[in-house]
Amino acid sequence: MEFDFSPVIDYWPTLLQGVGVTLLIGVAVAVFSVIGGQIVAVITLYTRKVVNWPLRFFIWLFMTTPLLLQLYFLYFGIGEWILIPAIVVGVLGLGFHYMAYNADIFIATIKSVSSGQYEASRSLGFGHLRTLLYIIVPQAFYRALPQLSNNMIIMVKDISVLSAIGIGEMVYASQYAISVTFRPFEFYITIAAIYYLINLMMEAGQTWIERRAAYRS
Amino acid sequence: MDINLMIDITPLLVEAAWVTVDISARALFFGFFIASALVALRTSRIPPVRWLARAYISVVRGTPYFVQLLLIFYGGPAIGLRLDPFTCGVVVGAFNIGAYMSEAMRGAIESVDSGQNEASRSLGFGRLATLQHIIMPQAAPLMIRSIGVLAIILVKNSSLVSIISVVELTYQAQRLIGSTYKPLEVFMLSALMYIVIIYAVMGIVEFLYRRATRYTFL
Amino acid sequence: MTQTTETPMVELKGVKKRFGDLEVLKGIDLSVDRGKIISIIGPSGSGKSTLLRSVNNLEVIDEGTILLDGVQVNRPDLKGLAYEKHINHIRQNMGMVFQHFNLFPHLSTLDNVTLAPRKLKGMKASDARALGMELLERVGLADKAQVYPSALSGGQKQRVAIARALAMRPKVMLFDEATSALDPELVEEVNLVMKGLAEEHMTMLIVTHEMTFARDVSDWAMFMDGGVVVEANTPEHLFSHPDQERTQHFLRKHLGAQA
């Protein structure tokens, strides 16, 4: 066996474009799923059953079924009725999937904020909603950060799955190149290396975030 | 909702679900041995062995399972590795989950108070005997729980082998969505089957956990 | 009790509170005049903390009335948003200090103090900052303004909590066993801050286990047991020659040789 990485170098711009798409999707999904997860968690905890039961059901459903199955359902299923671009399906699919996981964490950390915090805020004259907004949710956020950043690290790796519905991230971007150069090993090992690098950077970021959050909780 | 269609496709999906269970169970089985080996290598007295084990764990955990699968299936022949789709799913699944599981096992072992190790060694037990008789029984409950979590991830990850055309649950679901144009019905049934599998795993884990904690006070 | 023709700052009339079948407050009457300091002592489970929390409406009483500066605190007639608005407004006039401090861990010391004036009174950031620094100065912690609560000792936390409660310029301060969770060597610094407030004639209701402190600082002392006020008198009288046998028994246990 011999390896030839020159096709990878020839198709470097294509691959780089895939990296760009991967990173953009990553940022979009992270923002969407963290903010959404927080909102879903608050609604789930502080509303009547008619509202929070469907939400709890969807959190549970997203967590107990595979991402790819969810993507197929959205892509081929919803696509039957309304025409939406694959990229939107991908970002929403991945976004909802991780929104459920993040909401699950937020629900736990919101519950873990002691009742004394609630009372202290109320005794100052803050109402229920403002207490949630200024006191409970920010604290829950800091407490959630370690698990939250874990989820985001896992999420970025799952972006590769979006190639299955034709989104031009790294794997999909290199598929044409592979089909004409017949060098799958070289391409996939390069993609793995890029993912590993992204992962290392995210882990470093996670350590930094956790250290900063630690003295706020 | 098309109930007749759902009844019609159920046998197909059940058959596919069995492939999902089969591939996951095999990967879990082999993954357990890979994980045990990695734990042993990580505590080896020879530094390069320890580094190698750590590097392996870091790389496997730091890259997508999906890319690993594609690399071995499509890129494997370049290094003389020709695997049929099912075997490839089992092998990559096992080597992938093994890295995660070794971390879970190490975590469980390290959670046992270091005084236990010292007490056992002071009685004259060797390293292995201490691990076997003293540490493992105490680490087992936590270990079972963490492996359970990983087993569920393994089941969900197994959906990705549909890409290399193993006819498991997600593959069959996608094909049926395409041929019946009834995405909701197909999705509901296949989701239900994943849920049944995952709850079965949770049940087994709970049973084993109870047995492991029968004699300990946790 | 302390006699004056003015409206009392805090007034309780026939206050009753039940937790399930257990009646923890069995009809409490109390009147606190402007600038006076009342200490409430008693064994745990006597209802003294519940009484204090009821004044702040953290516990909703079942019967009776509580008045703050002539305004009724408990309003069983109000429901929903109207009640929320009313109680938030009332609470802005009371400062509450908790046994476990309950500082907000995600905010710096200064932000803990300025959050309420900024968000509730709409105070400008610069003014709030000046107020916060002034209050932190007063509790001797101006140098800790940018520090997060996790870096403070228990005594320091409680001093910040007092500053936070003072930031809304309350008419009355409620102390719920403010020093009970502190290591013995940290109690004095908190007591000193409270004494400072006493000298400035802040109206205070103090639930405490510190008998010596209660005797030194208060104008009136109350002994509670089993949900009733067993005895209330000047601190000199109550701590030195209590009339009731239950009070004597309690004080003998808690003051020891000092009694």
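This is a short dialogue on reading membrane annotations, a chain contact and salt bridges in a predicted model.

Trainee: Let's start with chain A. Which residues does the "transmembrane region" annotation cover?

Mentor: An annotation comes from a record, so hold it against the coordinates; it may be inferred rather than shown by experiment. The unreviewed UniProt entry gives residues 20-45, 57-75, 81-101, 159-179 and 185-202 of chain A. Over residues 20-45 of chain A, the chain is 100% helix and 0% strand, with the end C-alpha atoms 37 Å apart. Residues 159-179 of chain A come out at 48% helix and 0% strand, and there the end C-alpha atoms are 21 Å apart.

Trainee: Okay, on to the contact. How much area do chain A and chain B bury between them?

Mentor: Look at area first, then at what it's made of. Chain A and chain B bury about 3100 Å², with 78% of that on carbon and sulfur atoms. L69(A), F73(A) and Y188(A) supply 19% of the area chain A buries against chain B, more than any other three residues. The elements giving two or more residues to that side of chain A are α3 (49-64), α4 (67-81) and α9 (184-214). By type, the chain A side splits into 24 nonpolar, seven polar and two charged residues.

Trainee: And how many salt bridges and polar contacts join chain A and chain B?

Mentor: Zero salt bridges, but six residue pairs in polar contact, both residues at pLDDT 80 or more.

Trainee: So where should I look for salt bridges, and how many are there over all chains?

Mentor: The count is 19 over all chains. For each one, ask how far apart the partners sit in sequence. E103(B) pairs with R106(B), closest N and O atoms 3.4 Å apart; both lie in helix α4 (residues 85-110) of chain B, three residues apart, about one turn of the helix. Salt bridges that share partners also join R42(B), E103(B), R106(B) and E110(B) into one network.

Trainee: What about a pair that links distant parts of a chain?

Mentor: Try E177(C) and K48(C), with closest N and O atoms 3.5 Å apart. E177(C) sits in the loop between β7 and α6 of chain C, K48(C) in helix α1 (residues 48-55), 129 residues apart.

Trainee: Why does E177(C) count as buried?

Mentor: Compare its relative accessible area with the cut-off: buried means under 20%. E177(C) is at 9%, so E177(C) counts as buried, and K48(C), at 2%, is buried too.

Trainee: Which other residues does E177(C) deal with?

Mentor: Its side chain makes a polar contact with the side chain of S180(C) (3.0 Å). Leaving out residues up to four places away in sequence, E177(C) touches K48(C), S49(C), Q99(C), V207(C) and H209(C).

Key: Residues are numbered from 1 along each chain as its sequence is written. Chains are lettered from A and ligands numbered from 1 in the order in which they are written. This is a predicted model: local features need pLDDT of at least 70, side-chain atom pairs count only at pLDDT 80 or more; totals for chains, interfaces and linings use all residues. Side-chain values use heavy atoms; hydrogens and water are left out. Helices (H or I, at least four residues) and strands (E, at least two) are DSSP runs, numbered from the N terminus. Buried area is the accessible area (1.4 Å probe) that two parts lose on being put together, summed over both. A salt bridge is a side-chain nitrogen of Lys or Arg within 4 Å of a carboxyl oxygen of Asp or Glu. A polar contact is a pair of N or O atoms within 3.5 Å; within protein, one must be able to donate a hydrogen and the other to accept it, and residues adjacent in sequence count only if both atoms are side-chain atoms. Ala, Val, Leu, Ile, Met, Phe, Trp, Tyr, Cys and Pro count as nonpolar, Asp, Glu, Lys and Arg as charged, and the others, Gly among them, as polar. Contact means heavy atoms within 4.5 Å. Buried means under 20% relative accessible area, exposed over 50%, partly exposed in between (1.4 Å probe, protein chains only).
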